Amino acid sequence: MEKTYLPPQDSLEKNWYLIDATNQRLGRLASEIAMILTGKNKPTYTPHMDTGDFVIVVNAEKIMVTGKKRTQKLYRRHSGRPGGMKTETFAKLQARIPERIIEHAVKGMLPKNSLGKGLFTKLKVYAGDSHPHQAQQPQTLTIQTIPGGDK
């Protein structure tokens, strides 16, 4: 029987990465961010531990989707009251709160437990190109998603 490698807590180092979402495809970008948050890009990855890094995403309002998703993709939220379902298209949500689109996509790719909730707190998304995390000296990370497909 193989045993899961358990890295010592003091040997885990958390890096900060800066990702520019300009003209990136939503799902492909979100899957890369989720891999960095969980630590699957590191050799010390352990499924039940937080071995991932922090991710800062800027220019969230410039994220792209392909096909007719801009008008047909719906985001739903519920107030908890009877008849409290509110729906919103991708375009309307992007105009109102562009950060929530990336947060929603990444959250769906993280584990659905307390570990996933902790990992989600390491994601920082901003609509513009400025962020308040200069002191952490984030490394710029370029993610190449498939270009084209937007009409």
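Which residues of H1 are buried? Let's start there, and thanks for coming, everyone. One thing to keep in mind throughout: this is a predicted model.

So, H1. The buried residues of this helix are Leu26, Leu29, Ala30, Ile33, Ala34, Ile36, Leu37 and Thr38. H1 itself covers residues 26–38. From its first C-alpha to its last, the helix of 13 residues reaches 18 Å, close to the 18 Å expected at 1.5 Å a residue. Just after H1 you'll find Gly39, with a positive phi of about 90 degrees.

Now let's put H1 in context. Together with strands E1 and E2, H1 makes a β-α-β unit, and that unit is right-handed. E1 takes in residues 16–20, and its pairing with E2 is parallel, over five bridges. If you'd like one pair to look up on your screen, take Trp16, whose bridge partner in E2 is Phe54.

E2 also pairs with E5. Those two strands run parallel as well, joined by three bridges. Here the pair to find is Val57 with its bridge partner in E5, Val125.

How enclosed is E2, then? Four of the five residues in this strand, 54–58, are buried, so the rest of the structure largely encloses E2.

Let's move to H4, residues 98–107. Its buried residues are Pro98, Ile101, Ile102, Ala105 and Val106. These residues sit on the same side of H4, because they cover an arc of only 120 degrees around the axis. And what do the buried residues of H4 pack against? Their partners are H1, E2, E5, strand E3 (74–78) and helix H3 (90–96). That brings us back to H1 and E2, which are both on that list.

I've kept my favourite residue for last: Lys122. You'll find this lysine in the loop between helix H5, residues 114–120, and strand E5, residues 123–125. Buried or exposed, would you say? Lys122 counts as buried because its relative accessible area is 4%, under the 20% cut-off.

Who are its neighbours? Leaving aside residues up to four places away in sequence, Lys122 touches Lys14, Leu37, Asp50, Gly52, Asp53, Phe54 and Val55. Two of those names have already come up today: Leu37 is among the buried residues of H1, and Phe54 is the partner of Trp16. With Leu37 there is something specific to look at, too: the Lys122 side chain reaches the backbone oxygen of Leu37 at 3.4 Å.

That's my tour. Happy to go back to any of it!

Methods. Residues numbered from 1 in each chain as written. Predicted model: local features only at pLDDT ≥ 70, side-chain atom pairs only at ≥ 80, totals over all residues. Heavy atoms only, no water. Buried < 20%, exposed > 50% of the residue type's maximum accessible area, 1.4 Å probe, protein only. Polar contact = N/O pair within 3.5 Å; in protein donor to acceptor, adjacent residues only side chain to side chain. Contact = heavy atoms within 4.5 Å. Pairing = 2+ DSSP bridges. Right-handed = clockwise from strand over helix to strand, strands pointing away. Expected span 1.5 Å × (residues − 1). Arc of directions from axis to C-beta.
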